[in-house]
Amino acid sequence: MLLTQSSVGRKIIMAVTGVVLVAFVCVHLLGNSSIFLGAGAINAYAEKLHSLGPFVWVFRLAMLAAFAIHIFFGIQLTLENKAATPEKNVQVKRLKTGFGAETMIVSGVAIALFAIYHLLHFTVRVTNPEIYVPLGDAGMVDVFFMMVNGFQSSLAVLIYLVGMVFLFLHVGHGFQSLFQTLGLSNDKSLPVMGMFSKLVGFVLLVGYASIPLLIIFGLIKI
């Protein structure tokens, strides 16, 4: 409770949940990248997850909780910072922090909206129910078929690309802020941390964007 009562404590919570979420999107990308090895590989990955049973949903709920907490304190800290920043210093602050820092709240909200669409698209099975076909008798779906057919729409691909650009912007600055909040950087290492953060964001952008792009251009097909 004490952590939530100070701005430093809320920043620590933001940093910890940020680490959890970045780790998740990295692992999720590794799993999704098995589609490059063909239908057998991505379906085997999905089957392994399916075999974990209720644990998968416990994990998903934990990630959603971390996501909600991250968003809540992110908005709260942003409002506090704006209230504490005189208008005359806004331009100076922008010059010092850069575009990624100034758009953190925008990119964060955009990622939240994208996450909702992603869940409706591939998890809750609302937006495109026709892409789900059974695979075997264990309640599995053909994930390869689902992904390939799910990215036949130019609109769906565009939404994913825009979402990944916002992810790049958010991670590119947020990961750097994480190091600062946890006291793992100083004036000398900060530029290095900044470059590393942008590299992580860029790898996530390229990795995630490559899947829908290769599908819609016919390089991955059934």
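**Entry 1: arginine 125 and its backbone**

I began with arginine 125, which counts as partly exposed at 40% relative accessibility, and I noted that the model I was reading is a predicted one. Arginine 125 has its place in the loop between α6 and α7. I looked up its backbone next and found a phi near 65 degrees, a positive value in a residue other than glycine. I wrote that down since most residues other than glycine have a negative phi.

**Entry 2: leucine 119 and the nonpolar patch**

From arginine 125 I moved to leucine 119, because leucine 119 is in contact with Arg125 as well as with Leu64 and Val124, once its neighbours within four places in sequence are left aside. Leucine 119 is found in helix α6, which covers residues 104–123. I asked myself whether leucine 119 is buried, partly exposed or exposed. The relative accessible area is 32%, so I entered leucine 119 as partly exposed. Patches take in residues with over 30% relative accessible area, and leucine 119 does appear in one: together with Leu61, Leu64, Val124 and Val126 it makes a nonpolar surface patch of about 430 Å². Two of the patch members, Leu64 and Val124, are thus also among the contacts of leucine 119.

**Entry 3: the salt bridge**

How many salt bridges does a search of the whole structure find? I recorded one. The side chains of arginine 10 and glutamate 80 meet in it, at 2.8 Å from N to O. The pair links distant parts of the chain, with arginine 10 in helix α1 (residues 7–32) and glutamate 80 in helix α3 (residues 54–84), 70 residues apart. I then checked how covered each partner is: arginine 10 is buried, with a relative accessible area of 10%, whereas glutamate 80, at 30%, counts as partly exposed. As background I noted that side chains of opposite charge can pair when their charged atoms come close.

**Entry 4: helices α2 and α7**

Two packed helices are described by the angle between their axes and the distance between the axes, and I looked up both values for α2 (residues 39–51) and α7 (residues 143–150). Their axes come within 8 Å and cross at roughly 110 degrees. That makes α2 roughly perpendicular to α7, since angles of 65 to 115 degrees count as such. On the α2 side the contact is made by Ala39, Ile42, Asn43 and Ala46, and on the α7 side by Val143, Phe144 and Met147.

I stayed with α7 to see how much of it is covered, and found it mostly covered, with six of its eight residues buried. The buried residues are Val143, Phe144, Met146, Met147, Val148 and Gly150, a list that includes the three α7 residues named in the contact with α2. What covers them includes α2, α6, α8 (154–181) and α9 (190–216).

**Entry 5: the chain as a whole**

I closed with totals for the chain. There are nine helices and zero strands, and the elements run α-α-α-α-α-α-α-α-α from the N terminus on. Of the 222 residues, 37% are buried. The chain exposes about 13100 Å², and carbon and sulfur atoms supply 72% of that area. What share of the contacts between residues at least 6 apart in sequence joins residues at least 24 apart? I entered 70%, and I set beside that figure the link between arginine 10 and glutamate 80, whose positions are 70 residues apart.

Notes: Residues numbered from 1 in each chain as written. Predicted model: local features only at pLDDT ≥ 70, side-chain atom pairs only at ≥ 80, totals over all residues. Heavy atoms only, no water. Patch = residues over 30% accessible without salt bridge, like charges linked within 9 Å, V, L, I, M, F, W, Y side chains within 5 Å. Areas by Shrake-Rupley, 256 points an atom, 1.4 Å probe, with all protein chains shown as cover. Salt bridge = Lys/Arg side-chain N within 4 Å of Asp/Glu carboxyl O. Helix = DSSP H or I, 4+ residues; strand = E, 2+ residues; numbered from the N terminus. Buried < 20%, exposed > 50% of the residue type's maximum accessible area, 1.4 Å probe, protein only. Contact = heavy atoms within 4.5 Å. Axes fitted to C-alpha atoms, helices over the stretch in contact; angles between N-to-C directions. Parallel < 35°, antiparallel > 145°, perpendicular 65-115°, else oblique.
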